[in-house]
Amino acid sequence: GLVIAISFVVILFGWWGIVALWQPTVSIMAPVVPYSPLLWVVSLSALAVPFGFFLGGNDFRCLDPQRKILIGGLAILTVSMVHSIRCFLDAQIIFFITTVLYFILNRNRSYRKPTWEYWAVFVYVAWNLISLIWSQDLHYGGKLAGRFVPMVLYPVMFFSFRLTDPERDGIMRLFWRVGIMAVLLSLCSGIYELTVQGLSVSSLIHFRIGFIKETFFDSEGTELFIFNMLYAWSGMGHPSYNSLWAVAAVVMGFYLVDKKRIGWVEFAFGELALMQLQLSSQSRIGLLMTLMAWASAYIYLLRDHRKLVYWSVGSFAVLAIAAFAVKPDVLGTFNHDKVRAALWKVAVDYIEKEWLLGTGLGGTNAEYISEVIGYPYPWPEWAHENIYAHNQFIGDWMQSGIFGLLFLVGAIVASFTLSVRRRSYTAFTYCLLLLPFMAIEMPFRFLQAVTVISFSLCLFLAPVSTLPLCEYADTTANTSRHASSTRTSMRT
C-alpha cells in the first residue's frame, strides 16, 4: 500500500510539473517577470519532501488500507494549497474521489448531518446563486458561482468521515511544514529573480508601511514588484491572498507546539520565517494578521495564567495608544489608499440607489468599469475583471443586496459560534483574522481564498475521535471483519 501511495504521488507531482512546463502559470500582475521552468521543477520537488515524510511516518503507516486512501487524498489536498490554482483543482478532484471510495469501502460508515452553523453558510451561498436571476452580467456571474463550490463541497465531504485527533494533528503538521517550505521557496525565488534583473538582494529584508510599495525597474524601464518575484515559483502572485495560507500555518504552529507535535526549534524557525515572508512581500494585511495571530496565541498559551494575560493585554493597549498618539498618520497610511477610496465610493453610491437586491452576482463589474476606469490611474484591460469593492461587506451589499449582507454576517456569526461550541482555538483565531482581511479585500470572490478558508475551517472544526490513531484503525478493521463474518454465517 505504501509503494502504491508513493508511486501515485510521483505520478501526481510529475503531472503537475509537465503541466507547468507545457503551460507556464505566471501571475497576470507580473507578466514581465522572467519565468523559469526550473523554479517549477524545484518547487514541486521541494513540496514533495514534507509529503514524503508524512507518508513514511508511523501515524500514516499504521492505518488500514481504506484509511490510507482517505488520509492520503486529504494530504494531497493539503500540499496543493500553497502552489497553484491548477494544483488544488486537481487535488480537489482527488480528495473527492478518495472520500467517496472510503465511504463506499468502509462498512462502519456513518454520515453526520450538518449543524445549523453549516446551514448558515449554505444559505449565504444559495442567496448569491439566486441573485444570478437579476445579474447585470450573467456570464461573469456564472464564473463567480463556480468559486463557491469549496464552501459547500468541503463540509459535505468532511461530514462523511470522522478524523482521529492524531490524524488531524498530522494533517496540520503537514500543512505547517509545507508552509515553511513555501516560505523558503519564495525567498529563494526572490533572490533568483532579483539576481536575473541585476538588482540588490537586500530588498528582500526592506519593508515600508504604507500604500506605495517598493518597486523596481528592469533594463527596459518596466516596473516590477517584489512580491511578483517572491511568488514567481507558484501560480498565485497576490501577497494578500497568499497571506491566508501563511497565517493559517502561523495558527497551526502555536497549536502544534502546545500539543508537543513539533519541537520548539522548528516552531521558532517557522514562525520567524512566516513573518519574514510578510515583511519581504510588503503585505500590510499579512503583517497585521500575523501580529494578531501571535497576540491570540500568547493568550492561548498563557490561558492558565489569567493575571499575566490581563497585565500583558493592558500594557500592550497602552503602548499602542501611545504610539498612535505620537505618530497618528501611521494608521491612516496602513489601511487607506486612493484606489480603495474610489472603489468604496462607487459601491456606497450604488447601494444608496439599489440597496435591496444589488447588481446580482457578477454584476458589479459593469458598474465599476463605467465609473472608475482612469481614476486614480488608468486600469489596463486585463484588470477590468478584477475591479471590485475590496471590502467583503460593502461588496456583498452592492452585489447581492441587503439580504446578501445579512446572510454574510450570519455565516460569520455561525462560524464563531461553532468554534466556541467545539472549543477550537485554531478556528476561532482564524475567523478573527479574517475580519480585517474582509475589510480590505473580497476573499469569497476568488477561488484561491475560498479554497484555503474552507479547507482550514473544515479541518479546524472537524469532530475527532478520542481513540488513539492505530487503535481506531484496528477497531474499524475489526468491525468490518466482524460484519463480513456475520454475513457469511447468515448465508451459510
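# Salt bridges, core and helix contacts

Trainee: K345 is exposed, with a relative accessible area of 53%, in what is a predicted model; which residue does the side chain of K345 meet in a salt bridge?

Mentor: The partner has to be sought in helix 16, residues 338–353, where both members of the pair lie 4 residues apart, about one turn of the helix. This partner counts as partly exposed, at 32% relative accessibility. With N to O at 3.0 Å, the residue whose side chain meets that of K345 is D349.

Trainee: Which residues are joined into one network by salt bridges that share partners?

Mentor: By the rule of a Lys or Arg side-chain nitrogen within 4 Å of an Asp or Glu carboxyl oxygen, the count comes to 9 salt bridges. Salt bridges with shared partners make one network, whose members are D165, R168, D169 and K259.

Trainee: How many residues apart in sequence are the parts that the pair of K259 and D169 ties together?

Mentor: K259 and D169 form a salt bridge in which the closest N and O atoms are 3.0 Å apart. Because K259 lies in the loop between helix 11 and helix 12 while D169 belongs to helix 9, the pair ties together parts whose separation in sequence is 90 residues.

Trainee: Is D169 buried or exposed, and what is its relative accessible area?

Mentor: Its partner K259 counts as partly exposed, at 30% relative accessibility. A residue is buried when its relative accessible area is under 20%. D169 is therefore buried, its relative accessible area being 3%.

Trainee: Where along the chain does D59, the salt-bridge partner of R261, lie?

Mentor: R261 and D59 form a salt bridge with their closest N and O atoms 2.9 Å apart. The pair links distant parts of the chain, 202 residues apart, with R261 in the loop between helix 11 and helix 12 (264–281) and D59 in helix 3 (residues 58–61). R261 is partly exposed at 21% relative accessible area, and D59 is partly exposed at 27%. The place asked for is thus helix 3.

Trainee: At roughly what angle do the axes of helix 9 and helix 20 cross?

Mentor: Two packed helices are described by the angle between their axes and the distance between the axes. Helix 9 covers residues 165–197 and helix 20 covers residues 447–461, and their axes come within 10 Å. The crossing is left-handed, and its angle is roughly 145°.

Trainee: How many residues of the contact of helix 9 with helix 20 are charged?

Mentor: R168, I171, M172 and F175 of helix 9 make the contact together with F455, L459 and F460 of helix 20. These residues divide into 6 nonpolar and no polar, and the number of charged ones is 1.

Trainee: Which helix gives the most to the largest nonpolar core?

Mentor: This core has 122 residues, of which L47, L244, Y430, F444 and F455 touch the most other members. The greatest contribution, 14 residues, comes from residues 239–258, that is, from helix 11.

Trainee: What is the relative accessible area of Q392?

Mentor: Q392 is found in helix 18 and, with residues up to four places away in sequence set aside, touches Y124, L408, M438, E441, M442, P443 and F444. The contacts of F444, leaving aside its neighbours within four places, include Y124, F148, M151 and Q392. Q392 is buried, and its relative accessible area is 0%.

Trainee: What relative accessibility does S243 have?

Mentor: S243 is found in helix 11, where, not counting residues up to four places away in sequence, it touches Q278, S283, I285, G286, M289 and F437. S243 counts as buried, since its relative accessibility is 1%.

Trainee: H390 has a positive phi although it is not glycine; what is the relative accessibility of H390?

Mentor: Most residues other than glycine have a negative phi. Phi of H390 is near 55°, and H390 lies in the loop between helix 17 (364–372) and helix 18 (392–421). H390 counts as buried, at a relative accessibility of 12%.

Trainee: Is R423 buried or exposed?

Mentor: R423 also has a positive phi, of about 55°, without being a glycine, and its place is in the loop between helix 18 and helix 19 (425–440). With a relative accessible area of 77%, R423 is exposed.

Key: Residues numbered from 1 in each chain as written. Predicted model: local features only at pLDDT ≥ 70, side-chain atom pairs only at ≥ 80, totals over all residues. Heavy atoms only, no water. Axes fitted to C-alpha atoms, helices over the stretch in contact; angles between N-to-C directions. Helix = DSSP H or I, 4+ residues; strand = E, 2+ residues; numbered from the N terminus. Left-handed = near helix turned anticlockwise from the far one by under 90°. Contact = heavy atoms within 4.5 Å. Nonpolar A, V, L, I, M, F, W, Y, C, P; charged D, E, K, R; others polar. Core = buried A, V, L, I, M, F, W, Y, C linked by side-chain atoms within 4.5 Å. Buried < 20%, exposed > 50% of the residue type's maximum accessible area, 1.4 Å probe, protein only.
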